[in-house]
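Me: Please take a close look at the nonpolar core of this model. Give the cut-offs with the terms.

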Amino acid sequence: FQPGGIWFPTTKTIICGTFPPKKEYYERQGYIHYSSPRNQFWRHIDSIYKTTLYLGAKNAKDDQKRIENAIDKIAFLRKIELGFVDIFSIVRRTVDGSSNDNDLISEETIFDNGIFQELLSASVTQFVFVYSLSRDEFIQKMEKLFKVTPVIIRQYNADGIPLLVMKATFGSKEIYLSYAPIHGPINW
């Protein structure tokens with residue numbers, strides 16, 4: 001674990017989300033990013049990597065199974081050099097208990113507290129966004145604070161695939177920014 005989330009010195013790719021609903025992490029053992037049975041992230045991972053890391057609703061209610069599953073997920077993340085950091089570090093919500101990104105009010109981001117700079121100086125070479133809000137906030141902060149505008153390498157939905165790829169250059173370091181939504185009409 002590193003500041004801002006789950007990542008390691010060898011992490012190459014950061015999945016950059018928004019901020020979890022309080023009911024997913026507050027006083028709950030075995031929390032890890034995207035752990036709600038309603039969230040499709042781990043189903044996508046299982047489909048891509050032929051793993052069985054998604055934890056269904058019945059097992060998600062069992063503290064011990066949730067803890068064991070989180071440990072398995074962390075080992076998997078380390079193995080494939082993947083990490084998680086949310087764009088928002090501190091938030092308020094317009095609707096208490098909401099999981100809707102439209103209800104988020106940013107109080108602090110990874111650009112405000114130095115976490116982005118730590119990731120930039122580490123092994124990270126790619127940020128992947130699964131929600132448009134995290135992508136848009138990231139790009140806005142990057143342009144405002146660093147005067148860096150990403151270049152589109154692959155247009156969104158080219159060949160019917162919901163994937164956008166951009167490249168941003170910070171000094172001598174190139175960072176890829178990818179957007180691939182995890183909800184909606186997406187083929188497994």
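Reply: The core comes first below, followed by a loop and a pocket.

This is a predicted model, in which local features need pLDDT of at least 70 and side-chain atom pairs count only at pLDDT 80 or more, while totals for chains, interfaces and linings use all residues. Residues are numbered from 1 along each chain as its sequence is written, and side-chain values use heavy atoms, with hydrogens and water left out.

A nonpolar core here is a set of buried Ala, Val, Leu, Ile, Met, Phe, Trp, Tyr and Cys residues joined through side-chain atoms within 4.5 Å. Buried means under 20% relative accessible area, exposed means over 50%, and partly exposed lies in between (1.4 Å probe, protein chains only). The largest such core has 29 residues, and F127, F138, M142 and L177 have the most contacts inside it. At least two of its residues come from each of β2 (13-17), β4 (88-93), α5 (115-121), β6 (126-129), α6 (132-146), β8 (164-170) and β9 (173-179). These elements are DSSP runs numbered from the N terminus: helices are H or I with at least four residues, strands E with at least two. In soluble globular proteins, nonpolar side chains tend to be buried together.

F138 can be followed in detail. Not counting residues up to four places away in sequence, F138 touches C16, I87, I110, F111, F116, F127, F129 and L177, where contact means heavy atoms within 4.5 Å. A second, separate core has 18 residues, including I6, L82, F84 and V130.

The loop between β7 (151-154) and β8 contains N157, and D159 is found in that loop between β7 and β8 too. N157 has a positive phi, near 70 degrees, although the residue is not glycine. For D159, also a residue other than glycine, phi is positive and near 60 degrees. N157 is partly exposed at a relative accessible area of 42%, and D159 is exposed at 75%.

The second largest pocket holds about 380 Å³ of space. A pocket is an open set of points on a 1 Å grid over the protein atoms alone, where a 1.4 Å probe fits, with protein on both sides within 12 Å along at least five of seven lines; lining residues have an atom within 4 Å of a point. Grid points are joined across faces, edges and corners, and the volume is the space filled by probe spheres set on them. Of the 18 residues lining this second largest pocket, P20, P21, N39, S99 and Y131 lie nearest its centre.
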